[in-house]
Amino acid sequence: MVYLGIDVGGTGIKGAIVDGEGRILHRAETPTRAAEGREAVLGRIRQLGRSLLERAETPVAACGVGSPGRIDHRRGHVIFASGNLPGWSGTDLGAELHRAFGVPVVVDNDVNAASMGEAWIGAARGASDFLMLTLGTGVGGALTVHGRLFRGARWGAGEVGHMALYPGGEPCPCGGRGCAERYVSSKALTRRANEGLTGWRPFRGIRDVIRAAEQGSGDRQRAARLGVERWTDDLALFLMNLQMAFDPQMIVVGGGITRLGYWWDRLVQTAARECRERSMSIRIKQAKLGPMAGVVGAARLAMLSRRG
Ligand SMILES: [Zn+2]
């Protein structure tokens, strides 16, 4: 048996046919073009899914979909999605895609799906209690307890990016202030490095910041290094808070930024020190599956749904 996994993101939609061992047999990707609205995005998901179903050599048993936002996993319904996908809130994604694909469809939050992938064949393989954190434009979280995703009473568990890290701090698109994601997302790193620049060309993105931080001793490089250090220290504090709240076996950190630069060791050491001071320990691991975690995890959700 094989499974169709789909990962809907703010910029791209990815899909793959995945076998029972987590191997990707066929894959496809298309831009989301979210600004064109819900129907256009649904149309692209249908097209991508159908093209993959046609390429599968063996019958596809079920489809799993990861989507941003708060997802009613039981009904396959998008309760709420932020501004990255205009009009996405209220979509009956499960029903829409079941009609289009003719196979059972299961829908979950995108970070939940990614964490299922990491638990299956990635960094959290064999772990029964772990937390997954993704650092991108925003900060996402997913909690696995006793080997199962903990989705919360209102499907909102794991929204750790909007926990307050600096009370009264930076305004956040969610409506709150001082949310963690305003300080520890990969997007926040560029902003924070630019705050330390005076009269220099602004950093264009995280690669630019980290490259500057790693090289040279000029003012621009110093601003980058300071930005990276403050960002890393805030992230370490945030991880310590999460460790205190949930005491997971490990925290798996994903997002493209985890593969860039020297800051990882500093993060591990600072978080360990923060926890040690509170008589706790912490284990932080880099996610393994990279950008395909969501697709593989969505396929895993589809696979588990068939086992009941
Ligand atoms: Zn927020």
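These are my notebook entries on the two domains of this predicted model and on helix α3.

**Ground rules.** I number residues from 1 along each chain as its sequence is written. Because the model is predicted, I accept local features at pLDDT of at least 70 and side-chain atom pairs only at pLDDT 80 or more, while totals for chains, interfaces and linings use all residues.

**Domains.** I looked up the division and found domain 1 (2–119 + 291–307) and domain 2 (127–287); the bounds come from an automatic or database domain assignment. Their C-alpha centres lie 27 Å apart.

**Where they touch.** I found 14 residues of domain 1 in contact with 16 residues of domain 2 (C-beta atoms, placed from the backbone, within 7 Å). On the domain 1 side, β5 (70–72) and α3 (110–121) each supply at least two residues. The largest share, six residues, comes from α3. Helices (H or I, at least four residues) and strands (E, at least two) are DSSP runs, numbered from the N terminus.

**Helix α3.** Next I checked its length: at 1.5 Å a residue, the twelve residues should span 16 Å (1.5 Å times one less than the number of residues), and the end C-alpha atoms are 17 Å apart, which agrees. Eleven of the twelve residues are buried (20 or more other C-beta atoms within 10 Å of a residue's own, all placed from the backbone). Among them are Asp110, Met116 and Trp120.

**Strand β7.** I then turned to β7 (residues 105–109), where five of five residues are buried. β7 runs parallel to β4 (residues 60–67), joined by five bridges; strands pair if DSSP finds at least two. One bridge I noted links Cys63 with Val105 of β7.

Technical notes: Two residues are in contact if their C-beta atoms, placed from the backbone, lie within 7 Å.
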